[in-house]
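Q: I am new to this structure and would like a close look at how helices pack against one another in it. Could you walk me through that part slowly?

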Amino acid sequence: MTRDVLDRAAAGHRLSDTDAVGLSDWTDLAPLATVAAALRDQGFGNTISYSRKVFIPLTHLCRDVCHYCTFAQPPKRGEAAYMSVDAVLESARLGATAGCTEALFTLGDKPELRYRAASDGLAALGHARTLDYLHEAAGRTFAETGLMPHLNPGLMEADDLRRLRDVSASMGIMLETISDRLSERGGPHFGSPDKLPAARLETIRLAGEAAVPFTSGLLIGIGETRRERIEALLALRTLNERYGHIQEVIVQNFCAKPETRMSSAPEPGLDDHLWTIAVARLIFGPEMSIQAPPNLAKGTLGRLIAAGINDWGGVSPVTPDYVNPEAPWPHLEILGRATEAAGKHLVQRLPIYPTYLREPERWLAPAFRTPVLEAIDSDGYVRGEDWSPGSNQPIPAYATALLSPAAPAITGSIGRVLDMAQAGRSLDEADVLRLFAARGGDLVAVCKAADELRAAVNGDTVSYVVTRNINYTNVCSFKCRFCAFSKGKLAENLRGTPYDLSLDEVERRSCEAWERGATEVCMQGGIHPDYTGETYLDICRAVKAAVPGMHVHAFSPLEVWQGAHTLGMPLAEYLSSLREAGLGTLPGTAAEILDDEVREVLCADKIRTDEWLAVMKAAHRVGLRSTSTIMFGHIERPVHWARHIRRVRDLQQETGGFTEFVPLPFVHMEAPIYLKGMARRGPTFREVLLMHAVPRLALHPHITNIQASWVKLGAEGVALALRAGVNDLGGTLMNETISRAAGASHGQEMSPELMEELIRSCGRTPLQRTTLYDPVSSERRAMSFGAGTLLDVVNTPLRRRGSVAGPERYAARRDSRLDLV
């Protein structure tokens, strides 16, 4: 073999079978491991995952007699052949209390075909086959404890796989070896019909046909050759390339056990184990999860990582490894420290890997789809915290690391990316994704770098604006699946009373806001089917007539687009009309996620990404500035965040019209898409910190203001966001209905007194600003303090306005959308 094969692997090329087999003659471990580790980093970055599990040995009876196994035992007088369901549930509940998410069912293969005790035990339980009892036990475990079963029952037929798929998140069977000779007399698998390689490969194939996320792997050191190991890996690769269902390949080292026929057999050396791990990584490339059991590593965890693994497999804090009882699991704190020492971050996963969660309709039985979304973060790893935006749950303890003056330990390439960002160099999508992947010390480093940049650009001033939100109607003809605010026939959520404010009420609220020191009214609403572009012009005129000095910050790009097409006007012409009518700036809402892959699910009938950008570009060109936003933490992934930020940055470089970037964490509690079980429960607090810190870095120097939403984060959350690149806290609001309708519980108004008290408590200097970030006049500032109590609002009952502009009319014009640009 030549170095060319390693070079091809390092370049991401698939190794041919011939090239792979040629690796069997390569004895120099170091270059293999170097390439393998680099490939692992391409696919998994700085994360090493594990599954926190409870081990449930449903039965130790087995018809096979593997010569190295102590798990399989013959029937014993006075002992039940199977765990009872009550015993299973007791173990599962212990696991759930300890934070486990996986129930690993391991059992002997078809013991009823060998032992009368097994068939009698099954009969007493009401079943004829072990696999039928497994179906009951796994189903009840999931239903009654929430733990997600992973099933290792041995050989299965197609019907078994399809049936068990309904009660499990994943399944598996170790191929172990491709060598038939190990099943011959004198071999470790002699007398074990279920260990025949062809039979095991057939089960793996059938699992692919059934779309079961599947685990397999090798048991090395039982008499196979290195070539046979490679041939086994190639057989697994062939099946995976056909079905895409093998989510992990385990490389397990044989450990000799007393009182077995192989008690005196030599164990594979560490270098042999590392060689096999590295070769597996080279054969499968960067995307496959390669796993090695940490309890069999014997003090060499760091070297396993260096050889190319990205996963430790299942680790239980409550039950032993019944297959290797002589090798206890490492304590999770020890495992975490060893992983950190190797420059990686330990993350908990579900029994189904994150990649498979991107296609839940394909890979998950219906019963698991919503519980999985409840359990995961945006990367598909276990969420691990109760906090959600808008809730009163405590902020996770890890966030307090931002308060430490100590420099965090960072890993990999993140230091280079941070240096580029602070120097104002443009970050590409991969760079931004690297920042969004930050955990542990890397998370702290990203936030501190963003905070240093904030200090350099904005100083210690934290600004806010005295504003009043006026949502003039909650009737909407669009069907955004996240919205709990809108009401109407086509709204996803029909709770609450529909209203449509009169112009008199809009004027009254504007005047009252001015008397309380406001410099801005922020006005948005649903797309009322009777509204036309003239409606929005009338609203602007009404406010400016009532309060000439009030800045009108109003109308999302969706409302602008809708208004323009109802009047048959190009965007620029309509925006100019709005400006003449008194519009001062536009809010950057309706952006949600600027990626049509997400919008197709989240808000399919709303304006597309290019249309949102077209409105903003036109607005900036006619002299109207705007904010920019992102609404995150629902169905999207970090790659969509990176694309969104790049699109905002690109437009800002062209127009310079965005005043700020505003992350809006998804408030899930009453959102229709969440209530239907189709979305996550908002971002984690780690993701919230990153969504303020990363835009500070990635948008520098083009957008210099990063805003945090106190409505969604609360005072404590905002205080921590101020250490992650934030320099602005948005508006005092006076009235807030959209987040409250979604379930947020942090109030409707934060008075200037409370706002400035919060800012000063963080060691910063408050600045009351205008919409365009100028200091307010002393008169306005004085009026805003000690403001009186708001009068009760009057939500005007519905009335018809005339011209219809519903979704059918909008849809009919979509093909001619360029007429508006």
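What follows is a tour of the helix packing, with a brief stop at a loop residue.

A: Happy to! Please keep in mind that this is a predicted model. Let's begin with helix α17, residues 429–436, and helix α25, residues 638–655, whose axes lie 9 Å apart and make an angle of about 125°. An angle over 115 but not over 145 degrees counts as oblique, so α17 and α25 are oblique to each other. The crossing of α17 past α25 is right-handed. On the α17 side, the contact is made by E429, V432, L433 and F436, while α25 brings P638, V639, W641, A642, R643, I645 and R646. Sorted by character, the residues of this contact are eight nonpolar and three charged, with no polar ones.

Now turn to another pair, helix α6 (residues 130–145) and helix α7 (residues 158–165). Their axes come within 10 Å and cross at roughly 10°, which makes α6 roughly parallel to α7. Here, too, the crossing is right-handed. From α6, the residues L131, D132, L134 and H135 meet D160, R163 and L164 of α7. This contact divides into three nonpolar, one polar and three charged residues.

Finally, here is the loop residue. T27 sits between α2 (17–22) and α3 (29–44). Its relative accessibility is 66%, so T27 counts as exposed. Along the sequence, T27 and R226 are 199 residues apart, yet their C-alpha atoms are 11 Å apart in space.

Technical notes:
Residues are numbered from 1 along each chain as its sequence is written. This is a predicted model: local features need pLDDT of at least 70, side-chain atom pairs count only at pLDDT 80 or more; totals for chains, interfaces and linings use all residues. Side-chain values use heavy atoms; hydrogens and water are left out. Helices (H or I, at least four residues) and strands (E, at least two) are DSSP runs, numbered from the N terminus. Buried means under 20% relative accessible area, exposed over 50%, partly exposed in between (1.4 Å probe, protein chains only). Axes are lines fitted to C-alpha atoms, for helices over the stretch in contact, and angles run from 0 to 180 degrees between N-to-C directions. Angles under 35 degrees count as roughly parallel, over 145 as roughly antiparallel, 65 to 115 as roughly perpendicular and the rest as oblique. A crossing is left-handed if the near helix is turned anticlockwise from the far one by less than a right angle, and right-handed if clockwise. Contact means heavy atoms within 4.5 Å. Ala, Val, Leu, Ile, Met, Phe, Trp, Tyr, Cys and Pro count as nonpolar, Asp, Glu, Lys and Arg as charged, and the others, Gly among them, as polar.
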